[in-house]
Amino acid sequence: MVRDPIASESMPSAEEICSALDDPDCREIIRNLEEPMTAAELTNQCEIPQSTLYRKLELLTESTLLEESTEIRQDGHHASKYAVAFDEITLVLDDDRTLAVQIERPARTADERLAELWSEVRKET
């Protein structure tokens with residue numbers, strides 16, 4: 001499954017974001033994702049057990065802090081790759097005195113914008 005946090009229609013709550021960032025394994029994953037990596041690459045890089053790593057990747061993608069994409073391989077064994085999906089996170093206090101989160105996302109490349117546009121066109125037809 002490919003999950004694009006930028007295209008996501010729902011914004012995670014401040015509690016979900018804080019919960020993910022409070023987890024030391026999640027922070028270790030984010031710290032090591034200088035470039036997109038597979039779960040196997042992250043397991044070696046972070047020294048986190050694979051079963052734990054998959055749970056943390058799920059938490060991070062659900063909270064839209066990571067983007068999941070599919071790496072197409074010629075041998076047919078495709079792999080998910082993960083990348084950090086934010087540049088900055090800010091917690092703010094709303095008018096009704098509740099915490100809210102603002103996430104600054106990285107700029108989209110022309111290829112990404114075109115793919116997104118094409119995806120929207122296909123939905124309409």
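A salt bridge is a side-chain nitrogen of Lys or Arg within 4 Å of a carboxyl oxygen of Asp or Glu. With that in hand, let's look around this predicted model, one close-up at a time.

**View 1. Lys56 and Asp23 meet in a salt bridge.** The nitrogen-to-oxygen distance between these two side chains is 2.4 Å. Lys56 belongs to helix H4, while Asp23 sits in the loop between helices H1 (14–22) and H2. The two residues are 33 places apart, and the pair links distant parts of the chain. Are these partners buried or exposed? Both Lys56 and Asp23 are buried. Side chains of opposite charge can pair when their charged atoms come close.

**View 2. Arg31 and Glu28 form a salt bridge within helix H2.** Here the distance from N to O is 3.0 Å. The partners are three residues apart, about one turn of the helix. An α-helix has 3.6 residues a turn, so residues three or four places apart point the same way. Arg31 is exposed, with a relative accessible area of 53%, whereas Glu28 is partly exposed, at 25%. How many salt bridges does a search of the whole structure find? The search finds two, and you have now met Lys56 with Asp23 and Arg31 with Glu28.

**View 3. Helix H3 has four residues tucked away: Ala39, Leu42, Thr43 and Cys46 are buried.** These residues lie on the same side of H3, because they cover an arc of only 105 degrees around the helix axis. What do the buried residues of H3 pack against? Their partners are helix H2 (24–32), strand S1 (37–38), helix H4 (50–62) and strand S3 (79–84).

**View 4. Thr43 is a buried residue of helix H3.** Its relative accessibility is 19%, so it counts as buried because the cut-off is under 20%. Setting aside neighbours within four places in sequence, Thr43 is in contact with Ile48, Gln50 and Leu53.

**View 5. Two buried cysteines are worth a look: Cys26 and Cys46.** Cys26 has a relative accessibility of 0%, and Cys46 has a relative accessible area of 8%. How many disulfides does a search of the whole structure find? The search finds zero.

**View 6. The largest nonpolar core has 21 residues.** Those with the most contacts inside this core are Ile29, Leu33, Leu42, Leu53, Leu57, Leu60 and Leu66. The elements that give two or more residues to the core are H1, H2, H3, H4 and strand S5 (99–104).

**View 7. Glu47 and Arg97 each have a positive phi.** Most residues other than glycine have a negative phi, and most peptide bonds are trans. Glu47 follows H3 and lies in the loop between H3 and H4. Its phi is near 55 degrees, and Glu47 is exposed, with a relative accessible area of 72%. Arg97 is found in the loop between strand S4 (88–93) and S5. The phi of Arg97 is about 65 degrees, and this residue counts as exposed at 63% relative accessibility.

**View 8. Helices H5 and H2 mark the lowest and highest confidence in the chain.** Confidence is lowest in H5 (residues 110–124), at a mean pLDDT of 67, and highest in H2, at 97. The chain has a mean pLDDT of 85, and 84% of its residues reach 70 or more. A friendly word of caution: where pLDDT is low, the predicted coordinates should not be read in detail.

How values were computed:
Residues are numbered from 1 along each chain as its sequence is written. This is a predicted model: local features need pLDDT of at least 70, side-chain atom pairs count only at pLDDT 80 or more; totals for chains, interfaces and linings use all residues. Side-chain values use heavy atoms; hydrogens and water are left out. Buried means under 20% relative accessible area, exposed over 50%, partly exposed in between (1.4 Å probe, protein chains only). The arc is that of the directions from the helix axis to the C-beta atoms. Contact means heavy atoms within 4.5 Å. pLDDT is the predictor's confidence in each residue, from 0 to 100. A disulfide is a pair of cysteine sulfur atoms within 2.5 Å. A nonpolar core is a set of buried Ala, Val, Leu, Ile, Met, Phe, Trp, Tyr and Cys residues joined through side-chain atoms within 4.5 Å.
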